[in-house]
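Biologist: Could we go through this model one question at a time, so that each term is explained when it first comes up?

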Amino acid sequence: MDIESSSVAAPRKPRRTRRRVVALVIATTGALAASAAFAAWTVGGGGTGTATATSAQALTTSVATTTAALYPGITGSNLYLTVNNPNPFAVTITSVNANGAAVADGAHATCVTTGVTYTTTAVSKTVPANGSLSFTVPSVAMSNASDTGCQGATFTIPVTFTAAS
C-alpha cells in the first residue's frame, strides 16, 4: 500500500548544533566554577596589631671636671664632659645645666669654699646610640672667695642635661 502523507516531518537539527550547545553549557559551568574557586581564595580583612615603645634611659657622665687651670677671678673656663647614652637611639643635648655645688677632690680637704661655679650653657651635641661623646663647655668660673686650700684641686661639677631624641 502506497499511502502518501500530507504532513511533512520537521527537519532534525543536526548533531553538531546539539554538541555546540552542550559544549557551551560545559564551558559556562567551568567558568562559573573557576570564578567561584577564585572568589574563595580572594579574601580581605582587618584587625589590629601591637608595638611596644622602649623606655628612654637617662644620660650619664663618666667625667665632669674642669680642663683649664682655675684661679680666683677666672670666668669662661672649660668644663670637660663625657656623656654616655645607653639608649638604642641617638640623643641630641641642647643644654648642660648646673646641678649643685662644685666639689674639690679628696686630697684637698681644706678646700671648703671652692668659689667654683658653673653657668647653664646651650649646646648642640649628638650622642650616638649606645655610645658616648666627649666635649667641653666654657662656663666655669672661680670667685675670689675660694679658700687657699683649693690650690691644685680638681673640681667635680654636677650637671644635668636637656636633650631630645
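Biologist: In which strand is Asn97 found?
Modeller: Strands are DSSP runs of E of at least two residues, helices are runs of H or I of at least four, and both are numbered from the N terminus. The run that holds Asn97 covers residues 91-98 and is strand S3.

Biologist: Before we go further, what should I know about the model, and what is the average pLDDT of the chain?
Modeller: This is a predicted model, in which local features need pLDDT of at least 70 and side-chain atom pairs count only at pLDDT 80 or more, while totals for chains, interfaces and linings use all residues. Residues are numbered from 1 along each chain as its sequence is written, and side-chain values use heavy atoms, with hydrogens and water left out. The predictor's confidence in each residue is its pLDDT, from 0 to 100; 79% of the residues score at least 70, and the chain average is 82.

Biologist: Where in the chain is confidence lowest?
Modeller: Confidence is highest in strand S6 (residues 121-127), at a mean of 95. At the other end of the scale, a mean of 67 belongs to residues 15-41, which form helix H1.

Biologist: How many strands are there in the chain?
Modeller: Read along the sequence, the pattern is α-β-β-β-β-β-β-β-β-β. The chain has 1 helix, and its strands number 9.

Biologist: Why does Asn97 count as buried or exposed?
Modeller: A residue is buried under 20% relative accessible area, exposed over 50%, and partly exposed in between, using a 1.4 Å probe and protein chains only. Asn97 has a relative accessible area of 15%, and therefore it counts as buried.

Biologist: Which side chain is joined to that of Asn97 by a polar contact?
Modeller: A polar contact is a pair of N or O atoms within 3.5 Å; within protein, one must be able to donate a hydrogen and the other to accept it, and residues adjacent in sequence count only if both atoms are side-chain atoms. At 2.9 Å, the partner of Asn97 is Ser95.

Biologist: Which element gives the largest share of the largest nonpolar core?
Modeller: Such a core is a set of buried Ala, Val, Leu, Ile, Met, Phe, Trp, Tyr and Cys residues joined through side-chain atoms within 4.5 Å. Of the 26 residues in the largest one, Leu81, Ile93, Val96 and Phe155 touch the most other members. Elements giving two or more residues include strand S2 (77-85) and strand S9 (159-164), while the largest share, 4 residues, comes from S7.

Biologist: Which residue is joined to Cys111 by a disulfide?
Modeller: A disulfide is a covalent bond between the sulfur atoms of two cysteines, counted here when those atoms are within 2.5 Å. The S to S distance is 1.8 Å, and the partner of Cys111 is Cys150.

Biologist: How many residues apart are Cys111 and Cys150?
Modeller: Both cysteines are buried. Cys111 lies in the loop between S4 and S5, and Cys150 in the loop between S7 and strand S8 (155-156), with a separation along the chain of 39 residues.

Biologist: What is the distance between the C-alpha atoms of Gly115 and Ala145?
Modeller: Gly115 lies in the loop between strand S4 (103-104) and strand S5 (116-118). Leaving aside neighbours within four places in sequence, Gly115 is in contact (heavy atoms within 4.5 Å) with Ala141, Met142, Ser143 and Ser146. Although Gly115 and Ala145 are 30 residues apart along the chain, their C-alpha atoms are separated by 5.6 Å.
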